[in-house]
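Colleague: I would like a close look at one salt bridge in this model. Please take it slowly, then move on to its surroundings.

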Amino acid sequence: MSGASGFICLLTDFSSSEPFAGIMKGAIYSVFPRAVITDLSHDLPKYDIRRAAAVLRDSYRFFPDGTVFVCVVDPGVGSCRRAIALKTDRFFFLAPDNGLLSHVMRENPGWAAFSLDRASFFMGHVSSTFHGRDIFAPCAAHIASGCRIEDMGTRIDDPEIFEDERPEINLPFIRGRVCSIDCYGNMATNISESDLQGRTDVRISLGKYSISGISPSYYDGRDSVFCAVINGSGFLEIASYRSSASSMFDNPAELIIEAEVS
């Protein structure tokens, strides 16, 4: 990778109705007025680091080379957790050291990580409650403007990586769980298309319900209470056409999904 592109992408749980993401953009522009900033999302579930990690995993590869991702889901802000920057062959990532970059590191084994500890790259005063504004935003701006990430912190080899929760595979059965629920009530699982060996003739059990086969689209499942599809990220998803699948369960996040590959 030749360097940063000047393009910065923000991912937070700050909420679109609050000013925090806008303030971060102001901090970026104050350092690098020519930055190009886009919002991936600011409405992630509060404090849900694993959900943020999954959203980042499903999104980052579609951005231009050299994009700087600023990812702030940070229940440990103000504690001794590190603020880190990660460099891969194509991208830069800034995040609290709490596992948010786990999937990125697994998918990019040649990563280099740094603890952001050079205060000259921060805002003049660092609040203990708003590192997004005072550390991550200005550091992202410096990287996007061409500063070397190596000059901004100490090289580390032990960033936090949470356990990769793979489904239990004991063919012909694959036992997984619901990983995330989107605004439509669709329930994405941790069972991938490759786990299913590309098969569509799969019997799926969830609670007292069962689904026969994987549909090519949501519309193709319109005549059933539930349908199963492979979502845009390549994972098995349980949906209900023009309705919310998750609303039909008391605790959808605790559902066990069992797929039988015949």
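Which side chain does Arg 90 meet in a salt bridge, and what is the N to O distance?

Modeller: The partner is Asp 65, with 2.6 Å from N to O. A salt bridge here is a side-chain nitrogen of Lys or Arg within 4 Å of a carboxyl oxygen of Asp or Glu. Side chains of opposite charge can pair when their charged atoms come close.

First, a word on the ground rules. This is a predicted model, in which local features need pLDDT of at least 70, side-chain atom pairs count only at pLDDT 80 or more, and totals for chains, interfaces and linings use all residues. Numbering runs from 1 along each chain as its sequence is written, and side-chain values use heavy atoms, with hydrogens and water left out.

Back to your pair. Arg 90 and Asp 65 meet side chain to side chain. They link distant parts of the chain, 25 residues apart. Arg 90 sits in the loop between strand 4 (83-87) and strand 5 (92-96). Asp 65 sits in the loop between helix 2 and strand 3 (68-72). Helices (H or I, at least four residues) and strands (E, at least two) are DSSP runs, numbered from the N terminus.

How covered are the two ends? Arg 90 counts as partly exposed because its relative accessibility is 34%. Asp 65 is partly exposed too, at 45%. The cut-offs are under 20% relative accessible area for buried, over 50% for exposed, and partly exposed in between, with a 1.4 Å probe and protein chains only.

Now look along the chain from Asp 65. Its loop is bordered by helix 2. Helix 2 is mostly covered, with 9 of its 11 residues buried. Among the buried ones are two arginines, Arg 51 and Arg 57. The buried set also holds Ile 49, Ala 52, Ala 53, Ala 54, Val 55, Leu 56 and Ser 59.

Next, the other side of Arg 90. A second pair involves Asp 97 and Arg 82, whose side chains meet in a salt bridge at 2.8 Å, N to O. This pair also links distant parts of the chain, 15 residues apart. Asp 97 lies in the loop between strand 5 and helix 3, and Arg 82 in the loop between strand 3 and strand 4. The cover is uneven here. Asp 97 counts as buried, because its relative accessibility is 12%. Arg 82 is partly exposed, with 24%.

A third pair joins Asp 134 to Arg 133, the closest N and O atoms being 2.6 Å apart. Asp 134 is buried, at 2% relative accessibility. Arg 133 is partly exposed, at 26%.

Charged residues also gather in a group. Lys 87, Arg 148, Glu 150 and Asp 151 are linked in a network of salt bridges. Lys 87 closes strand 4 (83-87), one border of the loop that holds Arg 90. In total, the structure holds 17 salt bridges.

Your pair sits in loops, so here are some other loop residues to check on screen. Start with the backbone. The peptide bond from Leu 171 to Pro 172 is cis, with omega near 15 degrees. Pro 172 is in the loop between strand 8 (168-170) and strand 9.

Then try Ser 15. Its phi is near 85 degrees, a positive value in a residue other than glycine. The loop between strand 1 (7-12) and helix 1 (20-31) holds Ser 15. Ser 15 counts as buried because its relative accessible area is 15%.

Arg 242 has a positive phi as well, about 55 degrees, although it is not a glycine. This arginine lies in the loop between strand 14 and strand 15. Arg 242 counts as exposed, at 77% relative accessibility.

The loop between strand 14 and strand 15 (256-261) also holds Ser 246. In contrast to the exposed Arg 242, Ser 246 counts as buried, at 11%. Ser 246 has a partner that is far off in sequence: Gly 185, 61 residues apart, is 5.0 Å away in space, C-alpha to C-alpha.

Last, Tyr 219. This tyrosine is in the loop between strand 12 (209-212) and strand 13 (227-230). At 46% relative accessibility, Tyr 219 counts as partly exposed.

To return to your request: Arg 90 and Asp 65 pair at 2.6 Å, N to O, across 25 residues of chain.
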